[in-house]
Amino acid sequence: MAASGTALAGLVAFGLFGVGCSSGGTGTRDEGPAGSQPVAQITPQPSPSGTTPPVRRVDAVRLLKSDPKVGERVREGLKPCAGKAYPIDTSYGSMTGGRTADVVVNVMSCADSVSVGTYVYRADDDGSYKNVFAAEVPAVYGTIDRGDLVVTTQVYGSKDPLASPSGSEVVTYRWASDRFTEHDRVHNDFSRAVEGTDGDLPVQSEPVEPEPDPEPADEPAQPGRN
């Protein structure tokens, strides 16, 4: 009986040792199915749609006429060209970091469609608009380019016709310290070598192929024979 008890205790110890090795060898996969504990899930947050502020349409004509920074000459010439259409181009975009898109207004003349003034308006928190940039020179035009204000001015000489300027100045402005500051300037000189019309250019003649040399006659020509 003592021997049997000793053998039985040895078998129990061996069984416990085998169970321990089995659970430690394969980790949690030997512990059965997972429990019913809820698993924490991360709800994906919607990414922002972009940093472009919302666009709020403005009455550009009313904005210009009520702006004291607009020159009297531009204000007096601000009239419809045909019917009720005013010679105004309006662009919206983000340049100053405001909550609402900035507004660029270009005013042109009805007679020759040349821009006479460029203005930039920034929206305040109360909904009103403030003039933060103005340029009133002939043939000036402002655009928005990737968050910068780009102002192009045609350069004319004393004898240049309106349709043929001598060059242009392209100035890039960036918003800093609550105002636009010049960031880059490019000057272009236009060539005068191709100003003539098609009638002034020399006429290009068609190439003429040389005639082949006459083949030698088999018999010399005899006088008196036709």
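This report walks through the fold, salt bridges, largest pocket and a few backbone details of one protein chain. The model is predicted.

**Overall layout**

Let's start with the big picture. The protein chain holds three helices and eight strands. Reading from the N terminus, the order is α-α-α-β-β-β-β-β-β-β-β, with the helices ahead of the strands. The protein chain has 226 residues, and 24% of them count as buried. As for surface, about 17200 Å² is exposed, and carbon and sulfur atoms supply 54% of that area. Contacts can also be sorted by sequence separation: among those between residues at least 6 apart, 37% join residues at least 24 apart.

**Salt bridges**

How many salt bridges does a search of the whole structure find? The count is five. Here are three of them, with the distance between the closest N and O atoms.

| Pair | Closest N and O atoms |
|---|---|
| R75 and E72 | 3.2 Å |
| R174 and D148 | 3.2 Å |
| R185 and E182 | 3.0 Å |

Take R75 and E72 to begin with. Both residues belong to helix α3, which covers residues 72–76, and they sit three residues apart, about one turn of the helix. R75 counts as partly exposed because its relative accessibility is 23%, and the cut-off for buried is under 20%. E72 is partly exposed too, with a relative accessible area of 49%, while exposed would need over 50%.

The bridge between R174 and D148 has a closest N and O distance of 3.2 Å. This pair links distant parts of the chain, with R174 in strand β7 (residues 167–176) and D148 in strand β6 (residues 148–155), 26 residues apart. Are the two partners buried or exposed? R174 is partly exposed at 39% relative accessible area, whereas D148 counts as buried, at 13%.

Then there's R185 with E182. Each of these is partly exposed: R185 has a relative accessible area of 46%, and E182 has a relative accessibility of 46%. The pair is also part of something wider, since E169, E182 and R185 are linked in a network of salt bridges.

**Around T172 and D184**

T172 lies in strand β7. With a relative accessible area of 14%, T172 is buried, so it falls under the 20% cut-off. Which residues does T172 touch, once its neighbours within four places in sequence are left aside? The contacts are D148, L149, V150, T181, E182, H183 and D184. Two of those names are familiar from the salt bridges: D148 pairs with R174, and E182 pairs with R185.

D184 is worth a look from its own side. It is found in strand β8, residues 179–189, and it counts as partly exposed at 37% relative accessibility. Leaving out neighbours within four places in sequence, D184 is in contact with V170, V171 and T172. For a sense of spacing, D184 and V150 are 34 residues apart in sequence, while their C-alpha atoms are 9.3 Å apart in space.

**The loop between β7 and β8**

Now for the backbone. Most residues other than glycine have a negative phi. S177 has a positive one, near 55°, and S177 is not a glycine. D178 also has a positive phi, about 65°, again without being a glycine. Where do they sit? S177 is in the loop between β7 and β8, and D178 is in the loop between β7 and β8 as well. S177 is exposed, with a relative accessible area of 69%, and D178 is exposed at 65%.

**The largest pocket**

Last up is the largest pocket, with a volume of about 360 Å³. Its lining takes in 17 residues, and the closest to the pocket centre are R73, V74, S109, V116 and P138. Which elements give two or more residues to the lining? They are α3 and β2, the latter covering 102–108. So α3 comes up twice here, because this helix also holds both R75 and E72. By residue type, the lining divides into eleven nonpolar, three polar and three charged.

Conventions: Residues are numbered from 1 along each chain as its sequence is written. This is a predicted model: local features need pLDDT of at least 70, side-chain atom pairs count only at pLDDT 80 or more; totals for chains, interfaces and linings use all residues. Side-chain values use heavy atoms; hydrogens and water are left out. A salt bridge is a side-chain nitrogen of Lys or Arg within 4 Å of a carboxyl oxygen of Asp or Glu. Helices (H or I, at least four residues) and strands (E, at least two) are DSSP runs, numbered from the N terminus. Buried means under 20% relative accessible area, exposed over 50%, partly exposed in between (1.4 Å probe, protein chains only). Contact means heavy atoms within 4.5 Å. Accessible areas come from the Shrake-Rupley method with a 1.4 Å probe; for residues, only the protein chains shown count as cover. On a 1 Å grid over the protein atoms alone, a cavity is a set of points where a 1.4 Å probe fits but cannot get out, and a pocket is an open set with protein on both sides within 12 Å along at least five of seven lines; lining residues have an atom within 4 Å of a point. Grid points are joined across faces, edges and corners, and a volume is the space filled by probe spheres set on the points. Ala, Val, Leu, Ile, Met, Phe, Trp, Tyr, Cys and Pro count as nonpolar, Asp, Glu, Lys and Arg as charged, and the others, Gly among them, as polar.
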